[in-house]
Amino acid sequence: HVAAPKQGAGTLRPHPGSSQSLQLPSKDLEAEDDSTKLERPAKEHQELGGEAALSFVLLPAAPALWKLEGKRVLLFRPGSTLEPRSYDLHGGAMEVSPTGGPFTVVDRLLPMMRHAVLQAQSLCIWLHGRRGSGKSRLMWGSLQDTRLEHPGVAQVLADGLFHTLKELELLPIREGDDKVLVTLQFLKFGVETELCGDCLVGPDFDPHLKPREALLGNGFFMDGAPEREVRQLSELQLALQRGVDRLRQVGTFQSGTCRKEDAMAHGLCTFRIRRRVGSEVHTSTIHLLDLVGAQMSADAKTKKRTSQEDRTLKAMLRVVDALAEDPEYKFRDGHTAPRHIPHRDSKVTRLLRPCLGGSGRSVLLSFAEGHDAILAELELATRHEGMTSDGVQSCIFDRESKMKEIEDEVAALCRKLGIVQPQDMQLTMDASNEEVRLAELLQLRRRVLNFEDWRQIRQGGLSFHKKRNEGDKQTAAG
């Protein structure tokens, strides 16, 4: 388990007058009966509000600039007698303190992570703010002489993840276990190039890593970046530390005959927990996204300050804005059409599509300092909580029932068309609708057989070890 850090940089504590944060249960889990274990997730979900999007704004200690009344934030303009701006947030606001650790913030995030694991849901926690605001230190922790001095949100959530697995009586995880599969994926995305790199392999970017649409409409995945299986908390913490080290290093990539660099990169860490419950597979996904943030640079000739191009950051904000608008776009002539959501504008928004307007939950941690920055972050937090979604739903896949449903429909179509060997059927230009549907079902059957195959996932993890060893040799040779 991660020990509580000493007083240091990056503490976040609730502002006086805010509601009490939720805590992980401290009582003996083995003493509870089954009915209590089943009732607690529903109770926690009710306490969390059940919203698909929550925003937490992290503000500096400035009593003359802002004030908190419950979960309502009042923002004052310095030197003005006008009424303060008022913002109502389901998440609320917290005061940033220069001492301590991230445990107050994690007290609010741990119940959400725990509920996502128990109910097989998707959860995305993403950080937004200017560079130098302490986002990365809060997310990944702080280092002292290459050692983790203060754990961050990622390390504490990893500890809470294995605490939840212990509650579900899924520990210890043995090699080839068919009850639970826990995997880790750590990716980086260049700010200027948007190229993707596997931080568990090395710091460099790989142009061959591209997002592909998953089978059976399960969002997107990064093709070429396998998931690494982890069976112990210590193994997960070591892999996290390795990924953070590679994320902070300058990434290079091959462009033609030249080797170029992209110094800054966004970090996306994904925990995925698959559990077998009878014939069903319950999949929980936890995304941790650290956006680098905006940075201003001065032009030597014009003396003007311009913002660095960041397609990933802009795409995230466009998706939030589109989801916060009316889902029906109204034209001048009166007719309406579904509003376009630009999920495909960047690789990150594709991977996070289930949590941005889908069936998952999105949590925003927003950092701000100064009146104008606080105003912008409060506006973003309000729009984020106003996003429309499909409602928080469980990700459950039942292969047996799905295969039975497909086989029944295939048999019915074969009887109707008089086909004995449907796998030998070939479509022609004048094929009927029934023949086209039969071909689609045969293709879907092959997809279902290969979908969520744990053996293939573990084989991908073995290839990961080979790629990592090759990356270490190239780094040593360089």
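**Entry 1. T312 and its surroundings**

I began with T312 in this predicted model. T312 is buried, with a relative accessible area of 1%. I located T312 in helix α6. I then listed its contacts, leaving aside neighbours within four places in sequence: E194, H266, L291, S346 and V348.

Since E194 appears among those contacts, I looked up E194 next. E194 sits in the loop between β10 and β11 (196–198). Its relative accessibility is 10%, and because the cut-off for buried is under 20%, E194 counts as buried. I also noted that the phi of E194 is near 60°, a positive value in a residue other than glycine.

**Entry 2. The loop between α4 and β10**

I looked for another non-glycine residue with positive phi and recorded E169, at about 60°. E169 lies in the loop between α4 and β10. At 64% relative accessibility, E169 counts as exposed, whereas E194 counts as buried.

I checked the peptide bonds of this region as well. The bond from L171 to P172 is cis, with omega near -5°. P172 is placed in the loop between α4 (153–167) and β10 (180–190).

**Entry 3. The hairpin of β3 and β4**

Which side chains of strand β3 are buried, and which are not? I followed residues 66–69 and found that the side chains alternate. W66 and L68 point to one face and are buried; K67 and E69 point to the other face and are not buried.

I then examined the pairing. Strand β3 runs antiparallel to strand β4 (residues 72–75), and four bridges join the two. K67 stands opposite L74 in β4. The hairpin has two residues between its strands, and G70 takes a positive phi near 70° there.

**Entry 4. Salt bridges**

How many salt bridges does the model contain? I recorded a count of 19. Side chains of opposite charge can pair when their charged atoms come close. I took three pairs and one network for individual notes.

The first pair starts from strand β4. R72 forms a salt bridge with D88, and the closest N and O atoms are 2.7 Å apart. The pair links distant parts of the chain, with D88 in strand β5 (residues 85–88) and R72 in strand β4, 16 residues apart. I looked up the accessibility of both partners: D88 is partly exposed at 48%, and R72 is partly exposed at 35%.

The second pair returns me to helix α6. D321 and R383 form a salt bridge in which the closest N and O atoms are 2.6 Å apart. R383 lies in helix α8 (residues 371–385) and D321 in helix α6 (residues 311–324), so the pair ties together parts that are 62 residues apart in sequence. R383 is partly exposed, with a relative accessible area of 30%. D321 is likewise partly exposed, at 29% relative accessibility.

The third pair is found within one helix. The side chains of R437 and E440 meet in a salt bridge of 3.7 Å, N to O. Both residues lie in helix α10 (residues 433–450), three residues apart, about one turn of the helix. I noted E440 as partly exposed at 43% relative accessibility and R437 as partly exposed at 34%. Elsewhere, salt bridges that share partners join E227, R272, R274 and E452 into one network.

**Entry 5. E261 in strand β16**

Is E261 buried or exposed? I located E261 in strand β16 (residues 258–262). At 59% relative accessibility, E261 counts as exposed. I then asked which residues E261 touches, not counting those up to four places away in sequence. They are V250, G251, T252 and F253. For one of these, G251, I noted a C-alpha separation of 5.8 Å from E261, the two residues being ten apart along the chain.

**Entry 6. Confidence of the model**

I closed by checking the confidence values. The mean pLDDT of the protein chain is 82, and 80% of its residues reach 70 or more. Over residues 1–38 the pLDDT is below 50, and this stretch has 80 contacts in the model beyond near neighbours in sequence. Residues 296–307 also have pLDDT below 50, with eleven contacts beyond near neighbours in sequence. Where pLDDT is low, the predicted coordinates should not be read in detail. I therefore leave the contacts of both stretches without further interpretation.

Terms used: Residues numbered from 1 in each chain as written. Heavy atoms only, no water. Buried < 20%, exposed > 50% of the residue type's maximum accessible area, 1.4 Å probe, protein only. Pairing = 2+ DSSP bridges. Salt bridge = Lys/Arg side-chain N within 4 Å of Asp/Glu carboxyl O. Contact = heavy atoms within 4.5 Å. pLDDT = per-residue confidence, 0-100.
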